[in-house]
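Me: I'm new to this one and would love a friendly tour. Could you show it to me before I start asking?

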Amino acid sequence: MPPQSDKKSEWVVSKKEMSKEAMKLSFQVKRQYALSKDLYTATMYDNYLALSLAIRDRLIERWIMTQQSYHKKNVRRVYYLSMEFLIGRLMGTNIYNLGVEKQCKEALEELGLDIEKVRDEEVDAGLGNGGLGRLAACFLDSMATLGIPAHGYGIRYDYGIFNQKIKDGFQVELPDDWLRNGNPWEFARPENTVKISFYGRTEMYQDQYGQLQVRWVGTENVLAVPYDLPVAGFKNDVVNVLRLWSARSSEEFDFDYFKSGDYEHAVYKKVLSENISKVLYPSDNISRGRELRLKQEYFFSAAAIADIIRRFKSENLDLKDLPKKVVIQLNDTHPTIAIVELMRLLIDEYSVKWPDAWEITQKVFAYTNHTIMPEALECWPVDMFENLLPRHMQIIYEINARFLKEVAQRYPGDNDRLGRMSLIEEGSPKRVRMAFLAVIGSCSVNGVSALHSDLLKKSLFKDFYELSPEKFNNKTNGITQRRWLLKSNPRLSSLITKTIGDGWVTDMDQLEKLNTFKSKQAFRDQWFEIKKQNKNVLSAIIKSTTNISVDPESMFDVQVKRIHEYKRQMLFAFYIISQYLQIKNNPKAFIYPRTFIVAGKAAPSYSMAKLTIKFFNSIADIINQDKNVSSKIRLVFLENYRVSLAERIFPASDLSEQISTAGTEASGTGNMKFMVNGALTVGTLDGANVEMAQVVGDENIFIFGLKTHEVQALKNRGYNPREFIERNAVLREIFRLIGANFFCSQAPGIFSPIIESLSQYDPYLVCADFESYCKIQDQISTMYLNRDEWIKKSIINVSKSGFFSSDRTIREYAKDIWKVPVKN
């Protein structure tokens with residue numbers, strides 16, 4: 001029998017209804033009529049789908065109303081282009097943002113279901129590699145919460161960031177088939193499919209007015225099919241959209257090959273076309289991988305530009321008014337080709353004169369740079385670019401010629417400057433400098449922390465800053481407290497709300513009120529108990545996934561992030577070894593037990609990063625199997641770091657390791673997630689650590705190491721890591737042990753590349769900062785012994801974290817760059 005209600009049925013209940021009974025009825029109806037299951041046949045995954053569909057109904061009504069309002073008012077819109085959106089699991093976020101967590105929990109309980117078990121059925125949408133994609137997801141949340149008319153554009157990768165397995169200590173990559181069971185949150189929009197072209201040639205022709213024009217012909221075409229994900233604001237009935245593009249072949253199969261029985265060739269073009277959205281970050285070690293990456297960037301950028309113009313023209317007539325209604329934010333350098341695509345459409349398709357087209361383009365685009373690391377600045381070989389996008393290469397040459405003429409007029413006779421600022425890097429091969437194109441093609445250029453923005457002006461974009469200083473500004477990154485505190489840490493969130501009210505959920509500055517409670521013993525005791533409970537939860541996860549038992553009473557010292565040399569996981573590893581040596585050689589000097597927790601993925605082609613993972617696991621084998629040592633320290637490497645795992649790690653952490661070489665990390669957002677969950681930070685003055693130190697005060701953060709200018713000065717003098725190794729006995733012993741195969745007796749020599757790199761080159765100054773790092777760690781251990789003082793500092797860190805809300809960041813973008821109003 002269908003589920004019954006005494007008063008109303010699902011068919012007449014408005015999707016606005018949020019009561020427990022309405023949610024319960026919706027769940028039952030979705031399970032029965034959408035999934036053809038009942039309480040006897042439904043799996044836990046079926047229950048997840050049923051609840052998702054019930055919640056989705058509430059989103060749809062608000063979504064339609066929001067979009068109708070935007071259209072009727074013909075509002076100025078923000079379009080956010082990003083290669084990555086690390087959105088993770090969506091059910092919990094949607095439940096919280098709709099304000100139905102209590103109703104859903106109670107409705108499922110009455111049906112004999114645990115909502116946490118239901119939510120755990122959801123697969124993480126790993127459409128990103130790390131901080132860049134997670135930042136984009138936080139920004140979408142904030143834009144919706146602040147009522148900003150915004151649309152995200154990205155790629156619907158069939159396979160997201162790989163699933164990581166640890167086998168014999170090594171990282172093994174497995175495909176992340178996140179769509180294998182479908183995605184209940186998305187809506188296909190085939191009616192808005194866009195044709196995307198590649199290859200071919202250009203030819204000149206005269207239009208009907210006798211004007212010389214260029215057309216792009218003989219192309220190979222791919223279809224970009226949009227899938228929409230609703231993005232709900234927090235309890236404000238605003239639902240924006242994230243549109244992800246999936247590649248489909250313009251031809252299903254070649255019938256001539258099919259008739260001849262060559263079935264492989266019959267579908268060859270289809271498979272090749274659809275590879276574009278198949279996987280996140282194809283290997284760039286080979287030419288085909290690099291070309292596929294460029295294809296991906298153009299594919300989604302061109303589809304987004306076509307979609308933006310379609311939406312604009314539905315309500316406006318003159319493309320010269322595009323800057324009045326459209327602002328396009330480039331999230332890092334990857335979507336820069338969108339600048340050229342808009343120029344191509346304006347000139348070739350809409351016959352806009354070059355000066356007008358360039359003025360429109362520059363007013364529409366804004367560029368966020370996220371790194372000064374050379375490998376991330378997007379330089380493409382001209383030959384490859386010209387072959388793949390011949391018309392775009394012509395436009396880039398023309399942009400460059402006109403730009404260099406402007407530079408030459410401003411700085412007559414300065415040929416070196418012309419070479420430095422050219423969009424084309426001379427050499428073999430010649431390369432297109434996409435970051436430079438982003439700068440000159442945008443009205444705004446921002447870094448993502450005060451230090452990073454300063455470095456952009458003084459180094460990477462120095463010449464461009466001197467030419468157009470008004471373009472440059474800073475927008476320090478932030479995180480959404482609704483995901484990283486409200487949802488991730490319900491125990492602490494509950495205490496905070498009970499103490500100061502719930503205004504902090506949409507105004508994170510209100511956490512400042514907690515500062516007055518740090519001196520109250522009862523409050524500190526509750527704070528400590530919550531941290532202990534969170535550590536117990538993480539301890540259970542560690543046991544179930546690694547079979548390693550850890551002591552929740554120990555300090556949880558955590559470094560979780562993408563594995564990269566500049567993030568200096570190796571410095572953390574060396575400190576762990578130093579603690580092992582201290583326990584073995586001078587146990588009385590050991591101060592306090594620690595559990596060292598490491599997690600992160602290495603790019604599949606990044607051999608040193610993958611060796612770092614093996615190194616950690618080899619150290620762990622030595623430490624955890626030594627009874628005299630493992631009672632004091634333990635080391636665990638948690639495999640397959642992802643958003644849902646991060647939501648368990650941050651609330652349980654005592655100490656946050658943010659130890660990148662000064663001047664290398666643009667901002668970091670992991671540091672902010674630790675901070676808002678009450679962890680204290682040990683770090684260098686790098687990225688947003690600088691602003692964290694300013695906000696919390698030097699006494700509530702542990703800063704060590706060389707500063708940015710000192711790093712540069714040391715390198716300029718001629719840095720020799722051997723000098724630092726020779727004068728530090730502990731560091732010398734660590735190198736001796738590695739060289740003697742102490743950590744790899746079964747595979748001698750495997751860690752030789754570590755010794756070679758760090759003793760001969762040490763590009764990120766691990767050896768130079770080692771002594772300072774160890775000293776600050778001793779201070780940290782001593783401080784941790786004083787429980788009350790540590791808890792006070794923990795409370796202070798949370799109370800001062802308001803500045804690092806993505807709501808604040810988005811308000812600044814809206815006011816300074818986008819020129820759009822915010823609702824609250």
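Me: Which strands does helix 22 lie across, and at about what angle does helix 22 run to strand 22?
Reply: This is a predicted model, where local features need pLDDT of at least 70, side-chain atom pairs count only at pLDDT 80 or more, and totals for chains, interfaces and linings use all residues. Residues are numbered from 1 along each chain as its sequence is written, and side-chain values use heavy atoms, with hydrogens and water left out. Helices (H or I, at least four residues) and strands (E, at least two) are DSSP runs, numbered from the N terminus. Helix 22, residues 521-546, lies across strand 20, strand 21 and strand 22, and its angle to strand 22 is about 70° (axes are lines fitted to C-alpha atoms, for helices over the stretch in contact, with angles from 0 to 180 degrees between N-to-C directions).

Me: What is the strand order in the open sheet of 6 strands, and which strands stand at the edges?
Reply: Two strands pair if DSSP finds at least two bridges between them. The sheet has parallel pairing in the order 22-21-20-23-24-25. One side of each edge strand has no neighbour in the sheet, because each has a single partner strand: these are strand 22 (633-638) and strand 25 (702-703).

Me: Which residue in strand 21 stands opposite Asp 557?
Reply: Strand 20 (residues 555-560) and strand 21 (residues 594-599) run parallel and are joined by 6 bridges. Opposite Asp 557, in strand 21, is Phe 596.

Me: How many of the residues of helix 23 are buried?
Reply: Helix 23 covers residues 569-585 and reaches 24 Å from its first C-alpha to its last, close to the expected 24 Å (1.5 Å times one less than its number of residues). Buried means under 20% relative accessible area, with exposed over 50% and partly exposed in between, using a 1.4 Å probe and protein chains only. Helix 23 is mostly covered, and its buried residues number 14 of 17.

Me: Is Lys 475 buried or exposed?
Reply: Lys 475 sits in the loop between strand 19 (472-474) and helix 20 (481-487). Leaving aside residues up to four places away in sequence, Lys 475 touches several others (heavy atoms within 4.5 Å), including Asn 446, Glu 812 and Asp 816. Its relative accessibility is 3%, so Lys 475 counts as buried.

Me: In strand 17, what is the bridge partner of Cys 379?
Reply: An open sheet of 3 strands has the order 15-17-16 with antiparallel pairing. In it, 3 bridges join strand 15 to strand 17 (residues 431-433). The partner of Cys 379 in strand 17 is Arg 433.
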